[in-house]
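Reader: I am new to this structure and would like a close look at a single part of it, taken slowly. Could you choose one sheet and follow its strands outward to whatever they touch?

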Amino acid sequence: QVQLVESGGGLVQPGGSLRLSCVLPESYFDIATVSWHRQAPGKQRDLVAALSSGGTPNYADFVQGRFIISRDNAKTTVFLQMNNLKPEDTAVYYCKALLQLRRDTKYTSLWGQGTQVTVSS
């Protein structure tokens, strides 16, 4: 089963930074959007940031000005740069991509396995 592969989570002190990476499938026909989501224990999964196929980013209010979503020029990896981290940012972070694997298939959503981010002193 095709899946996204995330990395970069860990333990960081408040005010610190982390950069998450999400590796996309080796081959696909087209990609619509990529996004990062997070889920804290006992809470729903929330959208953190999204990047359109044209490169336009959108951010949730609670990370605006602190997080940056980007991708490499080859469109093989998506990043989430997280700065000025706060304890309330603690969650499992998931990468999601809406893409078309082959020309003759529909667009489908793929998720990563999640990476834990813990912000604590």
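Author: Before the strands are named, one definition is needed: a strand here is a DSSP run of at least two residues, numbered from the N terminus, and two strands pair if DSSP finds at least two bridges between them. The model is a predicted one, and the part I have chosen is an open sheet of 4 strands, which follow one another in the order β1-β3-β8-β7 with antiparallel pairing. At its edges stand β1 (5-7) and β7 (67-71), and because each has a single partner strand, one side of each is left without a neighbour in the sheet. From one strand to the next, the twist averages 15°. As a general point, the strands of a sheet pair through backbone hydrogen bonds, and they may do so in a parallel or an antiparallel way.

Within this sheet, strand β3 (residues 18-23) and strand β8 (residues 77-82) run antiparallel and are joined by 6 bridges. Two places along this pairing can be picked out: Val23 stands opposite Thr77 in β8, while Ser21 has Phe79 of β8 as its bridge partner. Strand β8 is also joined to β7, again antiparallel, by 5 bridges, and here the bridge partner of Arg71 is Val78 in β8. The strands β7 and β8 form a hairpin with 5 residues between them, where Lys75 takes a positive phi near 60°. As for its surroundings, 5 of the 6 residues of β8 are buried, so this strand is largely enclosed by the rest of the structure.

From the sheet one can step into the largest nonpolar core, which has 29 residues, and in which Leu24, Trp36, Val48, Phe67, Leu80, Met82 and Tyr93 are those with the most contacts. Two or more residues of this core come from each of the elements β3, β4 (30-39), β5 (46-52), β7, β8, β9 and β11 (115-119), and β9 gives the most, with 5 residues. Tyr93 shows how many parts of the chain meet here: leaving out residues up to four places away in sequence, Tyr93 touches Glu6, Leu20, Trp36, His37, Arg38, Val48, Phe67, Leu80, Met82, Gly114, Thr115 and Val117.

Strand β9 (residues 91-100) has a pairing of its own, since it meets strand β10 (residues 107-111) in the antiparallel sense over 5 bridges. Along that pairing, Lys96 has Trp111 of β10 as its bridge partner, and the hairpin that β9 and β10 form has 6 residues between the two strands.

What joins strand β3 of the sheet to strand β9 is a disulfide, and the structure holds 1 such link. This disulfide joins Cys22 to Cys95, with an S to S distance of 2.1 Å, and the link is left-handed, with -80° about the S-S bond. Cys22 lies in strand β3 and Cys95 in strand β9, so the pair ties together parts that are 73 residues apart in sequence. In general, a disulfide is a covalent bond between the sulfur atoms of two cysteines. Both Cys22 and Cys95 are buried, which in this model means that each has under 20% relative accessible area.

Technical notes. Residues numbered from 1 in each chain as written. Predicted model: local features only at pLDDT ≥ 70, side-chain atom pairs only at ≥ 80, totals over all residues. Heavy atoms only, no water. Axes fitted to C-alpha atoms, helices over the stretch in contact; angles between N-to-C directions. Buried < 20%, exposed > 50% of the residue type's maximum accessible area, 1.4 Å probe, protein only. Core = buried A, V, L, I, M, F, W, Y, C linked by side-chain atoms within 4.5 Å. Contact = heavy atoms within 4.5 Å. Disulfide = S-S within 2.5 Å.
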